[in-house]
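Reader: I am in my first year and still learning to read structures slowly. Could you take one part of this one and go through it closely with me, explaining each term as you reach it?

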Amino acid sequence: MSKICQITGKKAMVGNNVSHSKRRTKRKFNVNLFEKKFYWVEQDTWIRLTISAAGLRTINKLGLNAAMQQAAEKGFLTGKDIKFLEF
């Protein structure tokens, strides 16, 4: 699983651990990612997206369809990235 949010495009950043003596070593700041199922009303199907907490807030604010269209315009989400679920 790629560590990139499919809605916001957030991914891990690189920074430094700074000790008390100010010695710096590299570290990674990961994104708060999780897989979540959504019911896509316009397509009448269930889908699974890998999203961050900020992506979930975007979906709650704009709605699933609008958030997915916005992500597709920015290039974060393609048709092959969406996992369709069959029940």
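Author: R48 is partly exposed, with a relative accessible area of 30%, where buried means under 20% relative accessible area, exposed over 50%, and partly exposed in between, computed with a 1.4 Å probe on protein chains only. What you are looking at is a predicted model, in which local features need pLDDT of at least 70 and side-chain atom pairs count only at pLDDT 80 or more, while totals for chains, interfaces and linings use all residues. Residues are numbered from 1 along each chain as its sequence is written, and side-chain values use heavy atoms, with hydrogens and water left out.

R48 forms a salt bridge with E35, and the closest N and O atoms of the two are 3.7 Å apart; the term stands for a side-chain nitrogen of Lys or Arg within 4 Å of a carboxyl oxygen of Asp or Glu. This pair links distant parts of the chain, since R48 sits in strand β4 (residues 45-52) and E35 in strand β3 (residues 33-40), 13 residues apart. Strands here are DSSP runs of E with at least two residues, and helices are runs of H or I with at least four, both numbered from the N terminus.

E35 is likewise partly exposed, at 36% relative accessibility, and its side chain also meets that of K83 in a salt bridge, at 3.1 Å from N to O. Here again distant parts of the chain are linked, with K83 in strand β5 (residues 83-85) and E35 in β3, 48 residues apart. K83 counts as partly exposed at 40% relative accessibility. The count of salt bridges comes to 2, and E35, R48 and K83 are linked in a network of them.

Beside R48 in the sequence stands I47, which touches K83 as well as other residues including K36, F38, W40, L64 and M68, not counting residues up to four places away in sequence; contact means heavy atoms within 4.5 Å. I47 is also among the residues with the most contacts inside the largest nonpolar core, which has 15 residues, and I7, L49, L64 and M68 are named with it. Such a core is a set of buried Ala, Val, Leu, Ile, Met, Phe, Trp, Tyr and Cys residues joined through side-chain atoms within 4.5 Å. The elements that give two or more residues to this core are β3, β4 and α2 (64-74), and the largest share, 4 residues, comes from α2.
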